[in-house]
Amino acid sequence: MPLHRPAIAAGARASLPVLLGVVPFGLITGVAMVASGIPPAIAVLMSLFVFAGASMVAAAQLLAHGTPAALVILAALFINLRFMMYSASIRTHLAHLPLGWRLAASYLHTDNVYGLSLARFAEHPEDPHKLEYFLGAGLLIWATWQAAVLAGALIGAGVPAAWRLEFAAPLAFIAMTVPLLRDRAMVGAALAAAATVVATSGLPLRLNLVAAAAAGIVAGMLLERRGR
Amino acid sequence: MSSGATLWIALAGMALVTYLLRASFLLLPPEVPTPAALRRILRFVPASVLTAIWAPELLLRNEVLFVSLENERLLAGLVAIAVAWRWRITSATIAAGLAALHLFAALTASLPA
């Protein structure tokens, strides 16, 4: 299938402003992972294979607390469940493509690419070059992200512990959470999750994380139903 | 810190799980619809899980609830929440939170015991 180059360029161009956010978050991810005790080379490998910042920072934190691998993977599953939501939403536009392209697009599918592509596809629903736009944005964001994580992992190894940069990890999660709290149901979900994670912190294997996720989902759905 | 094997297993498992989530619905043929109930559940996942990760870092010390003016992590976290609420800029939130952490730590250290 020949690719339409101008559409690739258009996707890459549209992603330029987003890179202003990708670079600092990539740097912080690299620094925070290394500050939590992950070797820089593993941090970079994880970035290539997992390519999902929030789950990587969380994994580094959990591993530092001695969490077993199965629970680290489970935490990543929960944190990255939103990608399933993106996949369900973007398939309206990409489902007709050959499987190979859908598999390639899946690897590049991040929060930013989803946001950019969905905005564009809503404006131009009949655009025949949606894949190219998606790939253009996805590839530039991917390359920028990987460079930023590499730089962060290298810097992170040389940062003195007295700077307490490991606190950047929870701060990054706060920065990701707060903009999500747009309605009562979402605030309720977050509060329920916070209360549950603290109340059940005595559970072994950091299972309180699973309990909190369940509590948040139930609280959110109940509030949503009552609000109608 | 966990052992080397734990690290590698975690990396491989995370890579697999994350890719499968990203591919999930794109693997379905075009004519299959997305279940509405699943969409409703998925909506609350990010806010719940992300909060469950940062809340203990602010509220607990040595696995015990620690709500006090001497808890500089809690105070710095509240500053970060306020900054994120007002400006929604990731780098500003992190910079403000780190600055507040050091400020509150210095204030606590200077207090008479």
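At what angle do the axes of helix α3 (residues 53–64) of chain A and helix α1 (residues 4–23) of chain B cross? They cross at roughly 155°, and the two axes come within 12 Å. That makes α3(A) roughly antiparallel to α1(B), a label given to angles over 145 degrees (under 35 is roughly parallel, 65 to 115 roughly perpendicular, and the rest oblique). The contact is made by A:S55, A:A59 and A:L63 on the α3(A) side and by B:T6, B:L7, B:A10, B:M14 and B:T18 on the α1(B) side. α3(A) passes α1(B) in a right-handed crossing.

Before going on, a few ground rules. This is a predicted model, where local features need pLDDT of at least 70 and side-chain atom pairs count only at pLDDT 80 or more, while totals for chains, interfaces and linings use all residues. Residues are numbered from 1 along each chain as its sequence is written, with chains lettered from A and ligands numbered from 1 in the order in which they are written.

Some terms will keep coming back. Two residues are in contact if their C-beta atoms, placed from the backbone, lie within 7 Å. A residue is buried if 20 or more other C-beta atoms lie within 10 Å of its own, exposed if 12 or fewer, and partly exposed in between. Helices (H or I, at least four residues) and strands (E, at least two) are DSSP runs, numbered from the N terminus. Axes are lines fitted to C-alpha atoms, for helices over the stretch in contact, and angles run from 0 to 180 degrees between N-to-C directions. A crossing is left-handed if the near helix is turned anticlockwise from the far one by less than a right angle, and right-handed if clockwise.

**Where the chains meet**

In the model, 59 residues of chain B are in contact with 74 residues of chain A. On chain B, α1, α2, α3, α4 (72–87) and α5 (90–110) each supply at least two residues of the side that touches chain A. The largest share of that side, 15 residues, comes from α3(B).

Take B:A10, which sits in helix α1 of chain B. B:A10 counts as buried because it has 28 C-beta neighbours inside 10 Å. Leaving aside neighbours within four places in sequence, B:A10 is in contact with A:A59, A:L63, A:A69, A:V72 and A:I73.

**Helix α9 of chain A and its partners**

Two packings involve α9(A), residues 168–177. Here they are together:

| Helices | Axis distance | Angle |
|---|---|---|
| α1(A) and α9(A) | 9 Å apart | about 145° |
| α9(A) and α5(B) | within 9 Å | roughly 135° |

The crossing of α1(A) and α9(A) is left-handed. Its contact is made by A:F25, A:I28, A:V31 and A:A32 of α1(A) with A:A168, A:A169 and A:A172 of α9(A). As for the second pair, α9(A) and α5(B) are oblique to each other, and their crossing is right-handed. There the contact is made by A:A168, A:L171, A:A172, A:I174 and A:A175 of α9(A) and B:T90, B:T93, B:I94, B:G97 and B:L98 of α5(B).

A:A32 also shows up in the largest nonpolar core, which has 116 residues: A:A32, A:A59 and A:A172 touch the most other members. A nonpolar core is a set of buried Ala, Val, Leu, Ile, Met, Phe, Trp, Tyr and Cys residues joined through C-beta atoms within 7 Å. Not counting residues up to four places away in sequence, A:A32 touches A:V57, A:A60, A:L165, A:E166, A:A168, A:A169 and A:A172.

**Helix α11 of chain A**

The 20 residues of α11(A), residues 208–227, should span 28 Å at 1.5 Å a residue, and the end C-alpha atoms are indeed 28 Å apart. (The expected span is 1.5 Å times one less than the number of residues.) What covers the buried residues of α11(A) includes α4 (69–79) and α10 (184–199) of chain A, together with α2 (36–43) and α3 (45–59) of chain B.

A:A213 lies in this helix and is buried, with 27 other C-beta atoms within 10 Å. Beyond its neighbours within four places in sequence, A:A213 is in contact with A:F78, A:A193, B:V45, B:S48, B:V49 and B:A52.

**Two positive phi values**

B:E63 has a positive phi of about 70° although it is not a glycine. B:E63 is found in the loop between β1 (60–61) and β2 (64–65) of chain B. B:R88, also not a glycine, has a positive phi near 60°, and its place is in the loop between α4 and α5 of chain B. B:E63 is exposed, with 10 other C-beta atoms within 10 Å; B:R88 is exposed, with 12.
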